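These notes are meant for a colleague who is opening this structure for the first time. Please keep the sequence and the 3D view at hand while reading the points below.

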Amino acid sequence: METALRRSFAGLSLLFAIAWWLTAVSLAVSDDRRPLPLGVTVLFAASATAWAYRGAFVRIGPVDAWSAAVVAVTVHTIYAVQPYAELVVGLRCMTTAAAVILAVAYLPRAQGLPMAVLALAGQIAAGWQEGVGSALQGIWPPLAAGVAATVLAPVLRAAGDRADTAMRVDEDTSEAAARERAALRGRRDFQRLLHDDVGSALRVAGMSGVPTGEQRAEARRALVALTAGSGGAAGAEGSGDVDLVPLLTGLTATSVSGVPRPRVTTHFPPELLVPHDVAAACTGAAVEALRNVRYAGAAHVVVRLSGDHQALELTVVDDGRGFVPSQVRRTALGLRDSIGRRMADIGGVADVRSRPGHGTTVHLRWAAPVPDASDNALGQARGQRETLRAAAGDVRHALAAVCLPYLVVMAVVAVIQTVGTPTLLGHLVWYLALAAATCVLLARADRRITGRVAVPLLAVAVAGAVSCLLVIPPEAVRDYRSWPIGAVTPLLALLVIVRPVRQTVLALACEEVGIVVLIALNPPADESVVSTVAMALPTMFAPATGVVMGLVIRRTLVTLGEAVLNAHRHRMIVVATESAVRARAQQHRRRLREIDAQIVPFLHTIATGDGADDRPDPAAVRARADRLAQSIRDELHLPGVLDGPLRDLVGRAREAGCEVTIHAQADDAAALPDTPARTALLRKVLTAALTDQTTPGELVLGVQDGPKGRTLSLVTMPGDPRRGAALHAALEGTPHTLEDSADLTWAEAALPERVRSGD
């Protein structure tokens with residue numbers, strides 16, 4: 001924000017320097033050459049040049065404020081001692097404005113306010129000989145500039161604090177959202193790991209006739225996946241491009257007991273670089289498709305890969321027995337999640353086609369997202385407003401600080417001058433309408449101001465400003481009777497900030513050309529060309545000052561806003577990525593701890609062959625693998641619900657002959673049960689159904705989405721009064737329905753609603 005103030009003053013100083021250097025040339029070539037006026041003219045021109053340089057490339061500080069005050073008092077003193085016609089009030093106002101702006105913006109209030117008052121008093125005293133009214137009226141430009149600087153400086157400085165606060169709030173919100181998304185993604189990843197790697201290894205271990213080497217390879221693959229994920233690699237998003245071909249090379253179909261391993265033929269390009277997440281998803285989906293081949297009785301599998309960095313197609317075709325895709329259970333995770341959703345997560349598509357007797361084709365497609373032209377256009381249309389808002393918050397405050405002081409003071413000047421020059425009455429009405437329109441635009445500056453509003457308003461403003469030269473005497477260009485020319489300054493400053501620059505600059509150019517033409521057609525009498533130019537410069541620079549200040553403010557705010565947005569975006573990416581990695585790694589480690597006690601040691605035994613002599617027989621190993629595979633299926637449907645004791649309880653029930661079925665029919669099984677309250681209720685229900693009761697012959701626990709939310713249902717057969725009483729106690733306080741008969745015990749209950757973050 002300090003840069004905005006500094007560059008704004010640099011642009012203003014440059015205009016002052018140009019005007020005073022031209023005036024110095026006029027005084028130097030004048031026949032009535034006077035050393036003192038020429039000296040102070042060169043003094044201020046040089047000082048303004050130095051301020052412009054320091055503001056643009058160095059810095060502005062208290063030293064500049066004190067020097068501006070000294071120069072302003074010197075100029076006014078010399079003018080009071082030796083009045084000179086070329087030093088018109090418009091020029092003298094520039095010296096006062098520079099001193100006032102620097103005093104209020106760069107000095108402490110206790111020093112800045114007296115310094116500004118001193119500069120204004122010096123100008124009044126110097127012009128006192130021209131009349132009290134003229135002297136007081138002449139201070140309106142520096143007075144308005146001082147008010148604007150007084151309001152604008154704290155507004156801009158406070159904007160930086162607001163931007164920092166907003167960024168911190170956004171960071172906290174984005175980090176929380178990233179953690180939540182990462183936790184869900186972590187649950188999904190772990191579900192896939194359980195289904196694809198761990199479940200596959202256990203199923204292979206539970207099959208008879210599968211070679212020991214293949215059992216060990218599957219177990220090692222599962223252990224590697226579990227270990228890598230617990231270290232955070234599973235949760236980390238890869239960066240850069242990866243060659244997909246080496247990842248797919250060497251894939252084989254898993255054999256099944258009594259069925260020869262299918263022969264795999266591959267058709268791959270030499271190289272295919274794709275983003276890391278795309279490579280991981282395609283490889284995982286292809287591996288799962290090849291694992292499913294073992295159930296198809298296929299003899300031959302063909303894997304084809306084609307495409308480039310922007311799009312690819314991967315096809316796995318087998319000649320097995322095939323199946324009917326529409327008859328696959330909705331709760332089956334292999335096709336739906338490990339293949340379909342895995343591709344959907346990267347913006348790809350998985351198409352599975354099969355029919356009995358004709359094999360199966362798994363077709364995976366991915367294409368890099370194409371930017372939407374309409375979205376780009378919308379982003380460009382919103383870009384300026386977004387960057388201004390990022391830099392200054394509500395941009396109306398900053399614009400009001402620049403425009404309103406000039407509007408108010410100009411209204412007073414317009415009324416006073418119209419009383420003395422009745423021919424300006426029409427321009428007074430014009431100005432009041434223009435001021436009202438400017439105020440309306442100020443109120444709407446936080447929204448888009450269309451060209452259909454801005455362009456006609458600029459045309460009316462320029463026409464009214466230039467036409468005043470037709471109703472005032474030629475020599476009036478040197479005093480405030482030419483006030484309509486500067487009256488458009490607030491409007492130009494406003495529109496050059498919120499509208500395309502070319503429109504306002506074109507309007508300014510039209511106004512300046514009009515002024516030059518009319519003054520050339522009707523120049524002041526008895527004035528040389530140089531004197532006429534020097535006389536007209538302050539009048540011509542009045543609207544130009546507003547445009548230059550607006551341009552500098554606009555550019556500075558836009559640059560600052562872009563820096564804020566870019567820094568914020570980069571920070572969000574870093575925060576979200578780091579948070580996601582931590583959340584997904586923590587999720588993986590937590591879930592791994594839940595299954596580690598039973599499954600990981602068993603996989604380690606299979607992978608290494610340790611303890612082979614201690615195993616009773618291969619049948620016992622297969623039975624153990626089958627029970628653990630059933631446990632994995634339970635975990636896939638109700639992630640995180642079955643802790644160690646409950647898993648043992650369900651396992652003992654199965655060993656006692658109970659057929660336990662756990663399933664979930666929900667929009668996102670990975671998100672089940674997704675709250676501690678739901679987990680606790682499900683555990684209570686399962687525990688009540690199996691503890692201290694006669695082991696049922698069959699138990700079915702289901703979770704499903706319904707019109708009234710997520711519900712659980714439990715059916716045990718046969719019925720048992722003690723089981724019914726235990727379930728009633730477990731469901732107490734929860735809306736439920738419970739029925740018990742000799743044939744079955746049935747319970748249905750609503751799972752607790754999820755509490756939203758921040759509620």
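1. Setting aside neighbours within four places in sequence, Ser741 is in contact with Gly719 and Asp720. The residue lies in the loop between strand S11 (736–740) and strand S12 (745–750), and with a relative accessibility of 35% Ser741 counts as partly exposed. In the same region, Ser741 and Pro721 are 20 residues apart in sequence, while their C-alpha atoms are 7.8 Å apart in space. Please bear in mind, here and in every point that follows, that this is a predicted model.

2. As for the whole chain, the protein has 24 helices and 12 strands. Buried residues account for 49% of its 759 residues. If one takes the contacts between residues at least 6 apart in sequence, 77% of them join residues at least 24 apart.

3. Which residues of the largest nonpolar core touch the most other members? This core has 107 residues, and the ones in question are Phe16, Trp20, Phe44, Met94, Trp430, Tyr431 and Trp483. Helix H4, which covers residues 89–106, gives the most to this core, contributing 13 residues. As general background, nonpolar side chains in soluble globular proteins tend to be buried together.

4. Trp20 deserves a separate look, since a list of its partners is available: when residues up to four places away in sequence are not counted, Trp20 touches Val40, Thr41, Phe44, Ala45, Val75, Leu87, Leu91, Arg92, Met94 and Thr95. Among these partners are Phe44 and Met94, both of which were named above with the core residues that touch the most other members.

5. Is helix H17 buried or exposed? Because 10 of the 10 residues of H17 are buried, this helix is largely enclosed by the rest of the structure. The buried residues are Thr489, Pro490, Leu491, Leu492, Ala493, Leu494, Leu495, Val496, Ile497 and Val498.

6. One partner of this helix is H14: the axes of helix H14 (residues 425–443) and helix H17 (residues 489–498) come within 10 Å and cross at roughly 25°. That angle makes H14 roughly parallel to H17, and H14 passes H17 in a left-handed crossing. On the side of H14, the residues that take part are Leu434, Thr438, Leu441 and Leu442, and they meet Pro490, Leu491, Leu494 and Leu495 in H17. By class, this contact of H14 with H17 divides into 7 nonpolar, 1 polar and no charged residues.

7. Thr438 can be followed a little further within this contact. Its place is in helix H14, and at 1% relative accessibility Thr438 counts as buried. With residues up to four places away in sequence left out, Thr438 touches Leu407 as well as Pro490, Leu491 and Leu494.

8. Another partner of H17 is helix H18 (residues 501–521), whose axis comes within 7 Å of that of H17, with a crossing of roughly 150°. The two helices, H17 and H18, are therefore roughly antiparallel to each other. In this contact, Leu492, Leu495 and Val496 in H17 meet Val501, Thr504, Leu508 and Glu511 in H18, and the residues of the contact of H17 with H18 comprise 5 nonpolar, 1 polar and 1 charged. Leu495 is listed in this contact with H18 and also in the contact with H14.

9. Elsewhere in the chain, helix H20 (residues 599–608) packs with helix H21 (residues 618–637) at an angle of about 140°, and their axes are 11 Å apart. That makes H20 oblique to H21, because the roughly antiparallel class is kept for angles over 145 degrees. The crossing in which H20 passes H21 is left-handed. Here Ile599, Phe602 and Ile606 in H20 meet Val621, Arg624, Ala625, Leu628 and Ile632 in H21, and by class the contact of H20 with H21 has 7 nonpolar, no polar and 1 charged residues.

10. A last point concerns Ala125, which is found in helix H5 (residues 109–126). At 52% relative accessibility, Ala125 counts as exposed, given that the exposed class begins over 50%. Ala125 and His76 are 49 residues apart in sequence, and 7.9 Å apart in space from C-alpha to C-alpha.

Methods:
Residues numbered from 1 in each chain as written. Predicted model: local features only at pLDDT ≥ 70, side-chain atom pairs only at ≥ 80, totals over all residues. Heavy atoms only, no water. Core = buried A, V, L, I, M, F, W, Y, C linked by side-chain atoms within 4.5 Å. Buried < 20%, exposed > 50% of the residue type's maximum accessible area, 1.4 Å probe, protein only. Helix = DSSP H or I, 4+ residues; strand = E, 2+ residues; numbered from the N terminus. Contact = heavy atoms within 4.5 Å. Axes fitted to C-alpha atoms, helices over the stretch in contact; angles between N-to-C directions. Parallel < 35°, antiparallel > 145°, perpendicular 65-115°, else oblique. Left-handed = near helix turned anticlockwise from the far one by under 90°. Nonpolar A, V, L, I, M, F, W, Y, C, P; charged D, E, K, R; others polar.
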